[in-house]
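Here is a walk through one protein model and its bound metals and ligand. Keep the structure open as you read.

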Amino acid sequence: MTPQSLSPSTPSAGVADLHTHTFYSDGTDSPERLVELAKELGFSTIAITDHDTMESLPIAQPTAKRLGLTLVPGIEMSASAEGLEVHLLGFFLDPAHRALQQHLVEQQARRVERVKDMVRRLDRIGVKIDADEVFKVAGAGTVGRPHVAQVLVNRGYIATRTEAFSKYIGPDNPGFVPGSPMPPARIIRLILDAGGVPVLAHPIYLKRDELIKTFMKQGLVGLEVYHSGHTPEMIKHYDKLADRLGLLKTGGSDYHGTSREGSPIGAVKVPCALVDALRQWKETHPATRTS
Ligand code: AMP
Ligand code: ZN
Ligand code: FE
Ligand code: FE
């Protein structure tokens, strides 16, 4: 038994960042570098939560072990509800779970088709970029909108990647295509089946608090109360909401390396006691495994 699996009466010491990305999705750091950086900054626990992939986990594990940093298996998965982009975090899930693996393979293929679709939509408004260039920028793992944004910068259509999200590929923009057609209920179920703890990421981006109750009926367990995009007032709001609804609380920087400004690793530090609570929930709720 690791010290972290003891009851909350003996909470783990240290701080955690439970939302980070590597270059296996749209971050710019290798998994090894991310772990080193976290250690240098004094974290004792991190979760790598790449979009729709867990490829980083086995790559990061040896470095984490060498440095004595606890690595929580994690993921950030895309879903759609009422035409809105919903991001769900999964913690402590089994990357080898068959239904999860199958979903991730399908989702990678969907993301490739999505980029081609975005390129076609942009072409219609006279913005000419090449899907192959986007795939080249993305490299290993998941391809996503930040890679499209980078190519738009490279081609001189915009000056910064952020501009891409307000002009070309954000919701309501001509090049927008949702990240996944999957309803949140499906994704929550997948995370639970894979032995994980499902958590709603950055609720402020969704701006629809009333949906949280619906997600809870579908199995949602936690809320990302602390996030680099949350102001102190928002944190207070979501903290109260989590207490009122009985949701576990998580937090993280949403660090993306140099591909996204304003969310450096270390921007959000949460006590490891929150990680204990996730682990304890998992231990008292055995996976509803279907394969
Ligand atoms: P995707 O999963 O392909 O839809 O891409 C989602 C990612 O795009 C997020 O995780 C962020 O890294 C990035 N992103 C979303 N909105 C913005 C924005 N307004 N400015 C910069 N990056 C953004
Ligand atoms: Zn991202
Ligand atoms: Fe997200
Ligand atoms: Fe993220």
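**Metals and their neighbours**

The donors of the zinc ion (ligand 2) follow the spacing D-x24-H-x204-H along the chain. The coordinates behind this pattern come from a predicted model.

Put names to that pattern. The protein donors are Asp26, His51 and His256. Asp26 gives two OD atoms, while His51 and His256 each bind through NE2. These atoms lie 2.0 to 2.6 Å from the zinc ion (ligand 2). The zinc site has 6 donor atoms in total. Their angles run from 52 to 167 degrees, and the site is irregular. For six octahedral donors, the ideal angles are 90 or 180 degrees.

Now move to the iron ion (ligand 4). The distance between the iron ion (ligand 4) and the zinc ion (ligand 2) is 4.4 Å. The iron ion (ligand 4) is held by His19 and His21 through NE2, by Glu76 through OE and by Asp254 through OD. The distances are 2.1 to 2.2 Å. Along the chain, the donor residues are spaced H-x1-H-x54-E-x177-D.

Why does the arrangement around the iron ion (ligand 4) count as irregular? Its 4 donor atoms subtend angles of 77 to 164 degrees. Four donors are tetrahedral only if all angles lie between 85 and 135 degrees, so this range does not qualify.

Are the two histidines at this iron buried or exposed? His19 has a relative accessible area of 0%, so His19 is buried. His21 is also at 0% relative accessibility and therefore counts as buried.

A further metal is the iron ion (ligand 3). The iron ion (ligand 3) and the zinc ion (ligand 2) are 5.7 Å apart.

Next, ligand 1. The residues around ligand 1 include Asp26, His51 and His256, and these three are also protein donors of the zinc ion (ligand 2). Also around ligand 1 are Arg111, Arg114, Arg145 and Arg260, among others. Look at the polar contacts one by one. An oxygen atom of ligand 1 sits 2.8 Å from a polar backbone atom of Arg145. The side chain of Arg111 has an N or O atom 2.9 Å from an oxygen of ligand 1. For the side chain of Asp26, the corresponding distance is 3.4 Å. On its own, ligand 1 has 500 Å² of accessible area, and the protein covers 81% of that.

Finally, confidence. The protein chain averages a pLDDT of 93, and 95% of the residues score at least 70. Residues 1–8 stay under 50. The model has 10 contacts for this stretch beyond four places in sequence. Where pLDDT is low, predicted coordinates should not be read in detail.

Terms used:
Residues numbered from 1 in each chain as written. Chains lettered and ligands numbered in written order. Predicted model: local features only at pLDDT ≥ 70, side-chain atom pairs only at ≥ 80, totals over all residues. Heavy atoms only, no water. Donors = N, O, S within 2.8 Å, 3.2 Å for Na, K, Ca; no water. Tetrahedral: all angles 85-135°; square planar, octahedral: opposite > 155°, others 65-115°. Buried < 20%, exposed > 50% of the residue type's maximum accessible area, 1.4 Å probe, protein only. pLDDT = per-residue confidence, 0-100. Contact = heavy atoms within 4.5 Å. Near = heavy atom within 4 Å. Polar contact = N/O pair within 3.5 Å; in protein donor to acceptor, adjacent residues only side chain to side chain. Areas by Shrake-Rupley, 256 points an atom, 1.4 Å probe, with all protein chains shown as cover.
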